[in-house]
Amino acid sequence: MNKTNLINEITNKTKVKFQEKITKLGKKRIYINIAILLIVVFVCLLIDQLSKNLVFSDADYNDKFSVINKVYNWGFIGFRPLLHHGVTTKIDNLVGFTGIHIFAFALTIFLLIFIPFSKHYAYAFFLSILLAGNWGNELDRFINDNSVKDLIFIPYRDNGTFNFADVFIFLGPSGFALVYFIDYILEKYKNSNNKKSTNDDQVGGSDLENFESDKK
């Protein structure tokens with residue numbers, strides 16, 4: 001098999017699987033998933049970017065705590081303008097910002113493919129939140145020379161400053177994992193009940209056969 005035939009075969013198989021996926025889910029679900037994606041990403045990005053640019057001006061943001069002049073402390077939540085050059089997990093020290101951008105791009109492609117074909121609307125919802133968080137911080141990095149605008153902190157447990165995009169990046173996978181776990185438990189429970197029902201039917205059928213045999 002030459003290279004051209006191999007590519008054609010892979011393409012045809014991909015098309016068939018794609019059509020099967022559409023048929024299995026139904027176009028209505030796919031359209032609703034896409035609508036969820038667009039609405040959630042738009043709303044979350046709006047929250048993230050407006051909070052970063054309306055609470056504080058560009059001039060207020062600084063990468064040093066010592067020169068931060070504006071701090072709003074409301075007890076349960078606080079706001080301060082910190083320009084964070086890096087990633088909270090410090091993974092940029094390992095892979096560099098090029099690696100961060102590549103990962104963000106790969107995550108975007110994966111989510112844009114996966115979300116429309118999600119079998120649950122909750123999956124689409126939480127993964128869209130993750131996508132919005134990913135885009136929110138990536139947008140900052142492109143605009144601010146690989147720096148991210150952070151503005152939220154918890155006064156009574158001050159372990160750092162973060163933004164709404166960070167919240168979305170945490171909330172998205174957490175919500176997805178929770179829904180997946182619940183779905184898994186319910187599926188196991190359903191299968192267990194079905195198996196029990198099948199066994200009961202088999203036992204009942206066997207008893208009936210024995211009864212009929214005894215009568216004869």
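Visitor: Before we look at Lys52, what is a salt bridge?

Guide: A salt bridge is a side-chain nitrogen of Lys or Arg within 4 Å of a carboxyl oxygen of Asp or Glu. Side chains of opposite charge can pair when their charged atoms come close. Please keep in mind that the structure shown is a predicted model.

Visitor: Which residue forms a salt bridge with Lys52, and how far apart are the closest N and O atoms?

Guide: The partner of Lys52 is Asp48, and their closest N and O atoms are 3.0 Å apart. Because Lys52 and Asp48 are 4 residues apart in helix H2, about one helical turn separates them.

Visitor: Are Lys52 and Asp48 buried or exposed?

Guide: Both Lys52 and Asp48 are buried.

Visitor: What about Asp60, which residue does that one pair with?

Guide: Asp60 forms a salt bridge with Lys70, with 3.4 Å between the closest N and O atoms. Asp60 and Lys70 are 10 residues apart, and each lies in the loop between H2 and strand S1 (72-73). Lys70 has a relative accessible area of 39%, so this residue is partly exposed.

Visitor: And which residue meets Arg80 in a salt bridge?

Guide: The side chain of Asp158 meets Arg80, at 2.8 Å from N to O. Asp158 is in the loop between S3 and H5, while Arg80 is in strand S2, so the pair ties together parts that are 78 residues apart in sequence.

Visitor: Why does Arg80 count as buried, and why is Asp158 called partly exposed?

Guide: Buried means under 20% relative accessible area, and partly exposed covers the range from there up to 50%. Arg80 has a relative accessibility of 8%, so Arg80 counts as buried. Asp158 is partly exposed because its relative accessible area is 40%. There is also a network of salt bridges with shared partners, which joins Asp48, Lys52 and Asp140.

Visitor: How many salt bridges does the count come to?

Guide: The count comes to 8 salt bridges.

Visitor: Let us change topic. How many helices and strands are there in the protein?

Guide: The protein has 5 helices and 3 strands. Along the sequence, they follow the pattern α-α-β-β-α-α-β-α. The protein has 216 residues, of which 32% count as buried.

Visitor: What is the volume of the largest pocket, and which residues are closest to its centre?

Guide: The volume of the largest pocket is about 800 Å³. It is lined by 31 residues, and those closest to its centre are Val87, Thr88, Thr89, Asp166 and Ile169. Elements giving two or more residues to this lining include strand S2 (78-85), helix H3 (92-114) and helix H5 (164-215). By class, the lining of the largest pocket has 15 nonpolar, 9 polar and 7 charged residues.

Visitor: And the second largest pocket, which residues line that one?

Guide: Among the residues lining the second largest pocket are Lys21, Lys24, Phe114, Phe117 and Tyr123. Its volume is about 270 Å³. H1 gives the most to this lining, with 3 residues. The lining of the second largest pocket divides into 5 nonpolar, 1 polar and 3 charged residues.

Visitor: One last thing: which residues form a nonpolar patch on the surface?

Guide: Ile39, Phe42, Val43, Leu46, Ile47, Leu50 and Leu54 form that patch, and together they have about 670 Å² of accessible area. One of them, Ile47, lies in helix H2 (residues 27-54). Ile47 counts as partly exposed because its relative accessibility is 37%.

Note on methods:
Residues numbered from 1 in each chain as written. Predicted model: local features only at pLDDT ≥ 70, side-chain atom pairs only at ≥ 80, totals over all residues. Heavy atoms only, no water. Patch = residues over 30% accessible without salt bridge, like charges linked within 9 Å, V, L, I, M, F, W, Y side chains within 5 Å. Areas by Shrake-Rupley, 256 points an atom, 1.4 Å probe, with all protein chains shown as cover. Buried < 20%, exposed > 50% of the residue type's maximum accessible area, 1.4 Å probe, protein only. 1 Å grid on protein atoms, 1.4 Å probe; cavity = no way out; pocket = protein on both sides within 12 Å on 5 of 7 lines; lining within 4 Å. Points joined across faces, edges and corners; volume = space filled by probe spheres on them. Nonpolar A, V, L, I, M, F, W, Y, C, P; charged D, E, K, R; others polar.
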